[in-house]
Amino acid sequence: MESESTLAAEPPLIEDDWALFLDVDGSLAEHAPTPDAVRIDPAIKQALPVLSRRCGGALALVSGRTVAALDALFAPTGIAVAAGLHGLERRTPGGWEPAPAMDAAFLALAAEAEDIANRYPGALVECRGGCLFLHWRAAPEAATALGAFADSVRSRLPRHRLHPGAHGIEIRPLGMDKGEAIAAFMAIPPFQGRRPAFIGDDPADEPGFAQVNALGGISVLVGARRPTVARYRLANPGDVRRWLLDSLNNEVIA
């Protein structure tokens, strides 16, 4: 159900008592034809550690990428706390929680998907931590074939769910999403007791919006108007970057 304020209001500027959760692709950075082509604005790489310090360390990336991929994307500054693969792997102040191992049957399915993708230059399959990501942003003609493959997987992977997106499908294990990842962070220091805020752009971010709403937080949809439970909206990643930098209130970035 769409909230009235989503269509009209930008979020308030970040307060020191917030816990800040940030999606990456489509939120902090524009989408690109392939995940490897995405780039983070250098000003944001510098600003996020400053915002983290302002929030007492309560800033985390919450992404479909792996934590290792996030580290590479945000190098050399890096972000200490992150949830990768929609929360299947997490790096917390207390340590590392790895994603589940992939068995031979799952890897065989990934190979099938890659065979299909190879017929369509630009289509991409990623297999990571028990998740299968089918991308066709750069090859829209692959949508029908990869979509049919994803439908066929429903009976073969009963403990997984399909998460369709605008330009692909994610096949992920049951029991974890961005809302669950945010809830896990909010249960531990330095996030505990703070007001959560989550910025995301696509349907996979809706559980995160719902979770922060339940905690009285700030949920921000990035991009075109659509049905959502988010309570605020920023038009594009450029507006997200402006909002983050405005929230520093001229604080020195070092």
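Which elements make a right-handed β-α-β unit together with helix 6? In this predicted model, the partners of helix 6 (residues 206–214) in that unit are strand 10 and strand 11. Let's begin with the whole chain and then come back to that corner of the structure.

**The chain as a whole**

Seven helices and twelve strands make up the secondary structure of the chain. Its radius of gyration is 18 Å, close to the 18 Å that the globule rule gives for 254 residues, so the chain is as compact as a globular protein of that length. The C-alpha trace spans about 50 × 40 × 35 Å along its principal axes. Half-and-half is a handy way to remember burial here: 50% of the 254 residues count as buried. If you like to think in contact maps, look at the contacts with a separation of 6 or more: residues 24 or more positions apart account for 57% of them. The accessible surface comes to about 11200 Å², and carbon and sulfur atoms hold 54% of that area.

**The eight-stranded sheet**

One open sheet has eight strands in the order 5-4-3-2-1-10-11-12, and its pairing is mixed. Strand 5 (95–97) and strand 12 stand at the edges with a single partner strand each, so one side of each has no neighbour in the sheet. From one strand to the next, the twist in this sheet averages 15°.

Further along, strand 2 (residues 59–62) and strand 3 (residues 82–84) run parallel and are joined by two bridges. Val62 has Ala83 of strand 3 as its bridge partner. Helix 2 (residues 67–74) packs on this sheet and touches strand 2, strand 3, strand 4 (89–92) and strand 5. The direction of helix 2 makes about 125° with that of strand 3.

**Strand 11 and its neighbours**

Now back to the β-α-β unit. Is strand 11 (residues 218–222) largely enclosed or left open by the rest of the structure? Five of its five residues are buried, so strand 11 is largely enclosed. Ile218, Val220 and Val222 point one way from the strand, while Ser219 and Leu221 point the other way, and all are buried.

Strand 11 pairs with strand 10 (residues 195–200) in the parallel sense over four bridges; here Gly200 stands opposite Leu221. Strand 11 also pairs in the parallel sense with strand 12 (residues 232–234), over three bridges. In that pairing, Leu234 is the bridge partner of Val222.

**The four-stranded sheet**

A second open sheet has four strands in the order 6-7-9-8, with antiparallel pairing. Strand 6 (124–128) and strand 8 (160–165) are the edge strands, and each pairs on one side only. The twist averages 15° from one strand to the next in this sheet. Strand 7 (residues 131–135) and strand 9 (residues 168–173) run antiparallel and are joined by four bridges, with Leu134 opposite Ile169 of strand 9.

Two helices that pack on this sheet are set out below.

| Helix | Strands touched | Angle between directions |
|---|---|---|
| Helix 3 (residues 104–117) | strand 6, strand 7 and strand 8 | about 165° with strand 6 |
| Helix 4 (residues 143–153) | strand 7, strand 8 and strand 9 | about 155° with strand 7 |

Notes. Residues are numbered from 1 along each chain as its sequence is written. This is a predicted model: local features need pLDDT of at least 70, side-chain atom pairs count only at pLDDT 80 or more; totals for chains, interfaces and linings use all residues. Side-chain values use heavy atoms; hydrogens and water are left out. Buried means under 20% relative accessible area, exposed over 50%, partly exposed in between (1.4 Å probe, protein chains only). Two strands pair if DSSP finds at least two bridges between them. A crossover is right-handed if, with the strands pointing away from the viewer, the path from the first strand over the helix to the second runs clockwise. The radius of gyration is taken over C-alpha atoms; the globule rule is 2.2 Å times the number of residues to the power 0.38. Contact means heavy atoms within 4.5 Å. Accessible areas come from the Shrake-Rupley method with a 1.4 Å probe; for residues, only the protein chains shown count as cover. Axes are lines fitted to C-alpha atoms, for helices over the stretch in contact, and angles run from 0 to 180 degrees between N-to-C directions.
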